[in-house]
Amino acid sequence: MDLAALGKKAIFIPTPGQTEQEYLADYFYKKKIYFKMDQKEFDLKVALKNVEKYNGLDHTYELSVLKLRIQNLFSMVSFKR
């Protein structure tokens, strides 16, 4: 979600066996949002060439909206020591 807030491109390299990373990398790759490459096959030159074909998420957020949402989240969570 940080990438969405920043509006940046990325190369996803999911950790093998981390199903949530593998799922999200596949999901965004298939949607042509973020480029992904497996660790075993990783080649920086190839990755940098291919990342240009992907737009990333085009959701940029106003910092004031993000700040408000974070404040709302903290108000719902009670911190106990």
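How much area does the protein expose, and what share of it do carbon and sulfur atoms supply? In this predicted model, the exposed area of the protein is about 7000 Å², and 56% of that area is supplied by carbon and sulfur atoms. Of the 81 residues of the protein, 21% count as buried.

The secondary structure comprises four helices and two strands. Read from the N terminus, these elements follow the order α-β-α-β-α-α. Contacts were also considered by sequence separation. Among those between residues at least 6 apart in sequence, 51% join residues at least 24 apart.

Aromatic side chains were examined next. The protein contains eight aromatic pairs. One of these is formed by Phe12 and Tyr34, whose rings are stacked, with a distance of 4.8 Å centre to centre and an angle of 20 degrees between the planes. Phe12 belongs to strand 1 (residues 11-12), whereas Tyr34 is located in the loop between helix 2 (19-30) and strand 2 (35-36); the pair therefore ties together parts that are 22 residues apart in sequence. Both partners can be placed with respect to the surface. Phe12 has a relative accessible area of 19% and is buried, because the cut-off for this class is under 20%. Tyr34, with a relative accessibility of 2%, likewise counts as buried.

Tyr34 also takes part in an aromatic pair with Phe28. The geometry here is edge-to-face, with 5.5 Å centre to centre and 75 degrees between the planes. Phe28 is buried, as is Tyr34. Tyr34 is thus described by a stacked pair with Phe12 and an edge-to-face pair with Phe28. These three residues belong to one aromatic cluster, which is formed by Phe12, Tyr23, Tyr27, Phe28 and Tyr34.

A further arrangement involves a charged side chain and a ring. The charged end of Lys36 sits over the ring of Tyr29, at 5.6 Å from the ring centre.

On the surface, a nonpolar patch is formed by Ile13, Phe42, Leu44 and Leu48. Together, these residues have about 350 Å² of accessible area. Ile13, one of the patch members, is found in the loop between strand 1 and helix 2. The relative accessible area of Ile13 is 36%, and this residue is partly exposed. Ile13 therefore falls in the class between buried, under 20%, and exposed, over 50%. In strand 1, by contrast, Phe12 is buried.

Note on methods
Residues are numbered from 1 along each chain as its sequence is written. This is a predicted model: local features need pLDDT of at least 70, side-chain atom pairs count only at pLDDT 80 or more; totals for chains, interfaces and linings use all residues. Side-chain values use heavy atoms; hydrogens and water are left out. Rings of Phe, Tyr and Trp (its six-membered ring) pair if their centres lie within 6.5 Å; planes under 30 degrees apart count as stacked, over 60 as edge-to-face and the rest as tilted. Buried means under 20% relative accessible area, exposed over 50%, partly exposed in between (1.4 Å probe, protein chains only). A charge sits over a ring if NZ of Lys or CZ of Arg is within 6 Å of the ring centre and within 35 degrees of the ring normal. Contact means heavy atoms within 4.5 Å. Accessible areas come from the Shrake-Rupley method with a 1.4 Å probe; for residues, only the protein chains shown count as cover. Patches are made of residues with over 30% relative accessible area and no salt bridge: like charges are joined within 9 Å, nonpolar side chains (Val, Leu, Ile, Met, Phe, Trp, Tyr) within 5 Å. A salt bridge is a side-chain nitrogen of Lys or Arg within 4 Å of a carboxyl oxygen of Asp or Glu.
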